[in-house]
Amino acid sequence: VIADETAKPSWMAADLLSQLEHGEDSQSILITTSRAYAKKVVQEMMKQLLVLPRKNIIQKSLQNSAVVIAASLEEICAITNRYAPEHLEIACRDNQKILAKIMNAGSIFLGKYSTEPLGDYATGANHTLPTAGFAAMFSPLSPESFGKMVQIQKVSKQGARALQKTVETLAQTEGLTAHKNAVTIRQAEPQRG
């Protein structure tokens, strides 16, 4: 959860706790630039925890969790992209500015009303997401995941000429002379007609 003082601490606490009740190995992370705001969220978490039926699981998963006080929005985005969360809530004054800098997240919940459990049960978003930092490399499961893609490349005579030196150099460096020749021969022996 990326949040600032514009997001109600009790709401963010509830969101963080919702992710901790899955299992003892669950994790929630709050990232903010305000130590005072973070303290309010943690206090709310402790208060709400007392009445939750799965509090024993949550207490264990709290050991895997963290609060990160960042120096700037840029640092928040850098940390988030490095961590590549499965779920990411952004509840800040600068939601769009932050969103524009996030490249690695499985599913993003934008705005203070966009709690992650809505995505679990009702928004219709896909919920088969990359976990354990794999959002840095993979997208959520989608219809394309079940399809077969084919790449098609069509290069013009001018395009082949423009790429010739690059391919020749790389192929020669790798010791793949036949690869180099397949490019060179097209310029050395142009096709007529």
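A search of the whole structure, which is a predicted model, finds 4 salt bridges. Among them are E5 with R93, E24 with K60, and E74 with K101. Other topics below are the residue T80 in helix α4, a nonpolar surface patch formed by V42, M46, V67 and I69, and the parallel strands β4 and β5.

**Salt bridge E5–R93**

- The side chains of E5 and R93 meet with an N to O distance of 2.6 Å.
- This pair links distant parts of the chain, 88 residues apart. E5 sits in the loop between β1 (2–3) and α1 (9–20), while R93 sits in the loop between β4 (87–91) and α5 (95–99).
- E5 has a relative accessibility of 46%, so E5 counts as partly exposed.
- R93, at 54% relative accessibility, counts as exposed because the cut-off for that class is over 50%.

**Salt bridge E24–K60**

- Between the side chains of E24 and K60 the N to O distance is 3.6 Å.
- E24 lies in the loop between α1 and β2 (29–32) and K60 in helix α3 (residues 55–62), so this salt bridge ties together parts that are 36 residues apart in sequence.
- Both ends have a computed exposure class: E24 is partly exposed at 45% relative accessibility, and K60 is partly exposed at 43%.

**Salt bridge E74–K101**

- The side chains of E74 and K101 form a salt bridge at 3.3 Å, N to O.
- Helix α4 holds E74, and the loop between α5 and β5 (107–110) holds K101, so the pair ties together parts 27 residues apart in sequence.
- E74 counts as partly exposed, with 44% relative accessibility. K101 is also partly exposed, with a relative accessible area of 34%.

**T80 in helix α4**

- T80 belongs to helix α4, which spans residues 73–83.
- Is T80 buried or exposed? The relative accessible area of T80 is 2%, and the cut-off for buried is under 20%, so T80 is buried.
- A polar atom of the T80 side chain lies 2.8 Å from the backbone oxygen of I76.
- Which residues contact T80, leaving aside its neighbours within four places in sequence? They are I2, I31, P85, L88, I102 and N104.

**Nonpolar surface patch**

- V42, M46, V67 and I69 make up a nonpolar patch on the surface, and together they have about 270 Å² of accessible area.
- Two elements, α2 (35–49) and β3 (66–69), each supply at least two residues of this patch.
- V67 is found in strand β3. With a relative accessibility of 40%, V67 falls between the cut-offs of 20% and 50% and therefore counts as partly exposed.

**Strands β4 and β5**

- β4 and β5 run parallel and are joined by 4 bridges.
- E89 has F109, in β5, as its bridge partner.
- The two faces of β5 differ in cover: S107 and F109 are on the covered face, whereas I108 and L110 are on the uncovered face.
- F109 thus appears twice in this group: on the covered face of β5 and as the bridge partner of E89.

Technical notes
Residues are numbered from 1 along each chain as its sequence is written. This is a predicted model: local features need pLDDT of at least 70, side-chain atom pairs count only at pLDDT 80 or more; totals for chains, interfaces and linings use all residues. Side-chain values use heavy atoms; hydrogens and water are left out. Buried means under 20% relative accessible area, exposed over 50%, partly exposed in between (1.4 Å probe, protein chains only). A polar contact is a pair of N or O atoms within 3.5 Å; within protein, one must be able to donate a hydrogen and the other to accept it, and residues adjacent in sequence count only if both atoms are side-chain atoms. Contact means heavy atoms within 4.5 Å. Patches are made of residues with over 30% relative accessible area and no salt bridge: like charges are joined within 9 Å, nonpolar side chains (Val, Leu, Ile, Met, Phe, Trp, Tyr) within 5 Å. Accessible areas come from the Shrake-Rupley method with a 1.4 Å probe; for residues, only the protein chains shown count as cover. Two strands pair if DSSP finds at least two bridges between them.
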